[in-house]
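Work through the exercises below with the structure open. Each task is followed by a stepwise solution.

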Amino acid sequence: MTAGSVPAPLLTPRWLATAALLCCAALAAGEAWAQLQTGGTRPGVLATLWKWTPLVLFGPPREFGGFALNIAVSFLAMAIGTLAGLVLGLGLVSNFAPVRRLSWLVTQFFRNSPWLVLLFFVMLLTPFQLRVAGIVIPLPGWLKATVGLSLPIMANVAEIVRGAINSIPTGQWESAESLAFSRLQTLWRIILPQCVKRMIPPWMNWYAILTMATPLISIVGVNDAMTLTQDALAAEQRSELLMPMYTLLLFFFFVYCYPIARWTIHLERRYAVRN
Amino acid sequence: MKRLIATLLTCMVGAAISAGPALADQMADIKKKGVLVVGVKTDYPPWGTRDASGAIVGMEPEMAADVAKRLGVKLELVPVVSSNRMQFLQQGQIDLMIATMSDTPERRKVVGIVDPVYYASGVAILANKKAGIKNAADLKGKPVCALQGAFYNNDLQSKYTGRDLVAFKGVTEAQQALLDGRCVGFVYDDVVLVWQKAQESKWGDFDVVMLNEWAPVPWGLAVKIEELNGPWGKFMADVTADWLKSGTLLALEKKWVGSNTPWLVDASAKAKK
């Protein structure tokens, strides 16, 4: 690739128009089919989708839930996972063998465990409230689920950190040493700042993967968009709503994740040229 | 890293200790808190479901509201699913569970299922009126729709129909097959069939016929197992008995399910004596 290549546009207008058209066609077909099936006595598919959209997006009143909760969980799990992953990643390149081995073990364990199993572990192992010195700290389900999702993120961020540190030419370490920098100073002041750029695209990639994995928390009883979609489907008891309802949910996630994916590709290209 | 793990472990052990049985009298605790926390379903209409505003409504939430009213406390409903409802009760996250739970000996070892039970679902067939079905014996040689994996399928096939069932994964598919005339009737839980028939006009040519060949499966509401014989468990036993005697449950069933099921009519009549 040359430095002059044009970065891909974030959203291709033609592509989006086609997608929107296909969605509308599918909905219209579903609507016509439903009307045929019921003889036009029930509210249409679109009206029903519209009725449930606020609940699926924002959750029940005075409660934190719905798609907003999915996004909040993804932010928080990413933050926890990134901080813990940074520590674990530095552990992976430690000069002290026991730390390196332990970090390796933790990383491998959490990288290679199914996310849902980890979620169940955290949900079942931790109580719903902690009593520390007489103060009761509630641990709501969504918080436990967030911790559960941050564990695989931690392990994968650790690998990203390790990979980025190893990708910096050894010459940098050697020159730093000749300038009397300590190992810690070299790491913080010379190596890690150069790593950030390389880590951002894979890190964003993991964020998108995490966001798309958040509906898993519905299985452990958290009021996320998936749970509420299923509640809505149960309340409606209409088979013709299955596809439109799940398509709506898919659409929310797509609208949120697709720009992130495009932006990641964009950054990858930009940094690839400079490095 | 090691220290972090050690701290986490200490926290977990400490939490496990503090989460153990500590409450002497849950009923006094509920009154002191001023809130009754009840676990209900949100995906099982008409017993527990959400409306479009997000509020949890249904027959069981109304029962929960009545308990709160009797105690003079506020009600808080917590959504539960089948996989976590017993754990929520054990942990003390909810005071009471009314969540369409079948009463089984295994479950009685884990949670305190209150006697008398408040509800039961039997087996029934939603049958085309023209087929003239009165009981399971009338199904001989006829095509019958059912759900895959139902506990009565084996019996139904070997003892009664004598031919393969038209089995489906989901209720909606089975109902569609019935409407399309692929079978004479759909065998399922009586309470759900009664509710669906009451809801939709398309079942005008169909009747819900009880299949008394299978005993009804009771549904139990539950408290923490340690509380079953304490004041809280006894209070709930009295409340349930009163619901049956006073006809509260019959009225609630009529309101939410659409009409009364034979088990509840029978249980209410017995309670009156």
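This is a predicted model.

**Exercise 1. Confidence**

Task: Find the ipTM and pTM of the complex, then state the mean pLDDT of chain A and of chain B.

Solution.
- Start with the complex. The predictor gives an ipTM of 0.75 and a pTM of 0.80.
- Turn to chain A. Its mean pLDDT is 87, and 89% of its residues reach 70 or more.
- Do the same for chain B. The mean is 89, with 91% of residues at 70 or more.
- Now go down to the elements of chain A. Helix α1 (residues 13–38) of chain A has the lowest mean pLDDT, 70, and α3(A) has the highest, 97.
- Finish with the weak stretches. Residues 1–5 of chain A stay under 50 and have four contacts beyond four places in sequence. Residues 13–23 of chain B also stay under 50; there the model has six such contacts.

**Exercise 2. Two domains in chain B**

Task: Give the bounds of the domains of chain B and describe the area buried between domain 1 and domain 2 of chain B.

Solution.
- Set the bounds. The assignment gives domain 1 of chain B as 24–120 + 217–272 and domain 2 of chain B as 123–210.
- Place the two parts. Their C-alpha centres lie 30 Å apart.
- Count the contacts. Domain 1 of chain B brings 14 residues, and domain 2 of chain B brings nine.
- Take the area. About 780 Å² is buried between these domains, and carbon and sulfur atoms give 76% of that.
- Look for charge pairs. The rule finds zero salt bridges across this domain interface.
- Look for polar contacts. With both residues at pLDDT 80 or more, the count between the domains is zero pairs.
- Name the elements on the domain 1 side. β8 (119–121) and β14 (217–219) of chain B each supply at least two residues of the side that touches domain 2 of chain B.
- Sort that side by class. It has 11 nonpolar, three polar and no charged residues.

**Exercise 3. The interface of chain A and chain B**

Task: Describe what chain A and chain B bury between them, and locate the salt bridge that crosses the interface.

Solution.
- Count residues. 28 of chain A are in contact with 28 of chain B.
- Take the area. The chains bury about 2300 Å², with 60% of it on carbon and sulfur atoms.
- Find the main contributors in chain A. F128(A), D231(A) and Q237(A) lose the most area to chain B, and together they make up 23% of what that side buries.
- Count salt bridges. The rule finds one across this interface.
- Identify the partners. D231(A) pairs with R50(B), and their closest N and O atoms are 3.3 Å apart.
- Count polar contacts. Four residue pairs qualify, both residues being at pLDDT 80 or more.
- Map the chain A side. α2 (45–58), α5 (115–125), β1 (129–132) and α9 (225–236) of chain A are the elements that give two or more residues. The largest share, four residues, comes from α9(A).
- Sort by class. This side of chain A has 17 nonpolar, six polar and five charged residues.

**Exercise 4. A salt bridge within chain B**

Task: Explain why the pair K255(B) and E62(B) ties together parts that are apart in sequence.

Solution.
- Recall the principle. Side chains of opposite charge can pair when their charged atoms come close.
- Get the total. The count is 13 salt bridges over all chains.
- Pick out this one. K255(B) and E62(B) meet at 2.4 Å, N to O.
- Place each partner. K255(B) lies in helix α10 (residues 248–256) of chain B and E62(B) in helix α3 (residues 59–71) of chain B, so the salt bridge links parts 193 residues apart in sequence.

**Exercise 5. Backbone features**

Task: Locate the cis peptide bonds that precede P46(B) and P116(B), then find where R62(A) lies.

Solution.
- Take P46(B). A cis bond joins P45(B) to P46(B), with omega about 0°. P46(B) sits in the loop between β2 (43–44) and β3 (48–50) of chain B.
- Take P116(B). The bond from D115(B) is cis, with omega near 0°. P116(B) is in the loop between β7 (112–113) and β8 of chain B.
- Move to chain A. Phi of R62(A) is near 60°, a positive value in a residue other than glycine. R62(A) lies in the loop between α2 and α3 (66–92) of chain A.

Definitions and conventions. Residues numbered from 1 in each chain as written. Chains lettered and ligands numbered in written order. Heavy atoms only, no water. Domains from an automatic or database assignment. Contact = heavy atoms within 4.5 Å. Buried area = accessible area lost by both parts, 1.4 Å probe. Salt bridge = Lys/Arg side-chain N within 4 Å of Asp/Glu carboxyl O. Polar contact = N/O pair within 3.5 Å; in protein donor to acceptor, adjacent residues only side chain to side chain. Nonpolar A, V, L, I, M, F, W, Y, C, P; charged D, E, K, R; others polar. pLDDT = per-residue confidence, 0-100.
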